[in-house]
Amino acid sequence: MKNMLKILWNTTVVISDTGNVIGKHRKNHIPRVGDFNESNYYMEGNTGHPVFATRYGKIAINICFGRHHVLNWMMFGLNGAEIVFNPSATIAAEAGSEYMWNIEARNAAITNCYFTAAINRVGYEEFPNEFTSADGKPAHKDLGLFYGSSYFCGPDGVRCPGLSRTKDGLLIGVMDLNMNRQIKDRRCYYMTQRLDMYADSLRKVLDLDYKAQVVNENDK
């Protein structure tokens, strides 16, 4: 999606069951990894962390690379998300992406007390001409294997079996959104968050003269 200034964003448009557009969300975190150097054509999003109220629950969209950023997941939860979808197009060769795939959305569900949906495509995408991303690798025509393996996870950390790594599939889940409140009340994560402490620390980190809080053995 682009505006009149010809700025491009990776954008999700949310459409309700009535066919009306509820709103949109622009991808917050832009990868700069090998063939996925999206900073060449996309700008970082400026829509914050919107949560969309539907008749089926309050949903949010954590677009692709945003799953690697824990504060991204957290802000959707603070804005009241009950289900956070993570639509992705990620490959096995992307800096250990596949090893993290089974962990990140599950960890987000646990720490933020909501349901998550980790979604990835399958197959290969081949281009007519060879290309290189100036990362030292030889020229090639495809991005590599998109490894699928989509799954749902609940706030209790229990996830369903994933879809195929190589074949298209449809995953249907039944989610009891009451579990979100039950888990929140049981674990008290939100009550004990200390957001004021982290907000103060993050303000300090943004200072160009920031000095990391490191304590050495011989410090007095």
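**Notebook: His49, the cores and Ile61**

I started at histidine 49, whose side chain makes a polar contact with the side chain of asparagine 28, at 3.3 Å. Note to self: this is a predicted model.

Where does histidine 49 lie? I traced it to the loop between β4 (36-37) and β5 (52-54). Then I listed its contacts, skipping neighbours within four places in sequence: Asn28 turns up again, along with Asn72, Met75, Phe76 and Asn79.

**Whole chain**

I zoomed out next. I count four helices and 13 strands in the protein chain. Along the principal axes, the C-alpha atoms fill a box of roughly 55 × 55 × 40 Å. The chain has 220 residues, and 34% of them count as buried. About 13800 Å² is exposed, with carbon and sulfur atoms supplying 55% of that area.

I also looked up how far contacts reach along the sequence. Taking contacts between residues at least 6 apart, I get 58% joining residues at least 24 apart.

Charges: there are 25 positive and 23 negative ones, and their mean positions sit 5 Å apart.

**Cores**

Which residues have the most contacts inside the largest nonpolar core? I found Trp73, Ala81, Val84, Tyr114 and Tyr151, in a core of 14 residues. The elements giving two or more residues to this core are α1 (70-78), α2 (97-112) and β13 (151-153). Of the core's residues, α2 supplies the largest share, namely four.

I picked alanine 81 for a closer look. Not counting residues up to four places away in sequence, alanine 81 touches Val51, Lys58, Ala60, Phe76 and Tyr114. Apart from the largest core lies another one, of nine residues, and I noted Ile59, Ile61, Cys64 and Leu177 among them.

**Ile61**

That sent me to isoleucine 61, which is found in strand β6 (residues 57-61). Is isoleucine 61 buried or exposed? Its relative accessibility is 8%, so isoleucine 61 counts as buried, the cut-off being under 20%.

Again leaving out residues up to four places away in sequence, I have isoleucine 61 touching Thr12, Val14, His25, Phe76, Phe85 and Pro87. Phe76 keeps cropping up in my lists: histidine 49 is in contact with Phe76, alanine 81 touches Phe76, and isoleucine 61 touches Phe76 too.

Last check of the day: I took the C-alpha separation between isoleucine 61 and lysine 211. These two residues are 150 residues apart along the chain, and their C-alpha atoms are separated by 35 Å.

Terms used. Residues numbered from 1 in each chain as written. Predicted model: local features only at pLDDT ≥ 70, side-chain atom pairs only at ≥ 80, totals over all residues. Heavy atoms only, no water. Core = buried A, V, L, I, M, F, W, Y, C linked by side-chain atoms within 4.5 Å. Buried < 20%, exposed > 50% of the residue type's maximum accessible area, 1.4 Å probe, protein only. Contact = heavy atoms within 4.5 Å. Polar contact = N/O pair within 3.5 Å; in protein donor to acceptor, adjacent residues only side chain to side chain. Areas by Shrake-Rupley, 256 points an atom, 1.4 Å probe, with all protein chains shown as cover. Lys, Arg positive; Asp, Glu negative; His and termini not counted. Charge placed at Lys NZ, Arg CZ, Asp CG, Glu CD.
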